[in-house]
Amino acid sequence: MSIVDFPGFVTDLKFHAADGGFHYHEDHHCIDITTGRQWWEIQLHPDYDCDGPLELHIVVDLDPRVQIAFEDEVNKLPEDADWPEEGFDLLLRFHWRLPPLPNSPNLLELATELSAIGGTALPLHVWAADTIATVTDDVARTVHVESEQTIPLAHLVGEHDFLDETFGLIGSVTRYLHDRAPAWLGE
């Protein structure tokens with residue numbers, strides 16, 4: 001039996017998301033049968049605008065080699081020893097996506113404003129993708145905001161209170177994007 005309760009952490013993550021003001025839509029549990037790598041993809045919307053343009057996609061990714069090395073390390077320790085908190089992490093990625101925006105924001109300004117919200121606790125990466133369906137179509141620009149965090153596997157045991165601060169910041173970023181989306185969409 002595994003020391004790391006990965007499915008339990010993902011379940012708790014969804015509860016924290018709901019408490020943080022998000023409506024859960026769906027999730028997918030994926031396992032690479034060749035490597036044993038597993039990850040969850042979770043689709044959310046802000047609960048105040050479930051049909052709105054903004055969606056939040058969360059990916060929780062665990063490398064099986066890291067999990068096995070962590071469990072080997074823990075099994076070597078005396079029972080009352082603290083579990084190692086460095087070198088054994090899972091990846092937690094947050095990705096906000098907006099639909100094509102006719103009035104796309106200035107990305108540098110957006111990144112600067114969002115960095116004031118996320119700070120060092122939630123570093124954010126802002127980028128855009130331009131697509132042209134056919135040569136006669138206008139450019140369609142979608143704006144994306146991403147953040148990645150590494151979570152020590154030792155933190156997956158017990159309560160996951162550290163997620164409260166994370167979802168507080170995620171809620172602030174979401175509200176900021178949601179409130180500006182109508183102008184960017186030309187509504």
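User: Before looking at pairs, what is a salt bridge here?

Analyst: A salt bridge is a side-chain nitrogen of Lys or Arg within 4 Å of a carboxyl oxygen of Asp or Glu. The model is predicted, so local features need pLDDT of at least 70 and side-chain atom pairs count only at pLDDT 80 or more, while totals for chains, interfaces and linings use all residues. Residues are numbered from 1 along each chain as its sequence is written, and side-chain values use heavy atoms, with hydrogens and water left out. By this rule, the number of salt bridges is 7.

User: With which residue does Arg 141 form a salt bridge?

Analyst: Arg 141 lies in strand S6, and its partner lies in strand S5 (residues 125-131), so the pair ties together parts 11 residues apart in sequence; strands are DSSP runs of E, at least two residues, and helices are runs of H or I, at least four, numbered from the N terminus. The closest N and O atoms are 2.7 Å apart, and the partner is Asp 130.

User: Is Asp 61, which pairs with Arg 37, buried or exposed?

Analyst: Buried means under 20% relative accessible area, exposed over 50%, and partly exposed in between (1.4 Å probe, protein chains only). Arg 37, at 29%, is partly exposed. Asp 61 has a relative accessible area of 14%, so this residue is buried.

User: Which helix supplies the largest share of the largest nonpolar core?

Analyst: A nonpolar core is a set of buried Ala, Val, Leu, Ile, Met, Phe, Trp, Tyr and Cys residues joined through side-chain atoms within 4.5 Å. The largest one has 44 residues, with Trp 96 among those having the most contacts inside it. The largest share, 10 residues, comes from H4.
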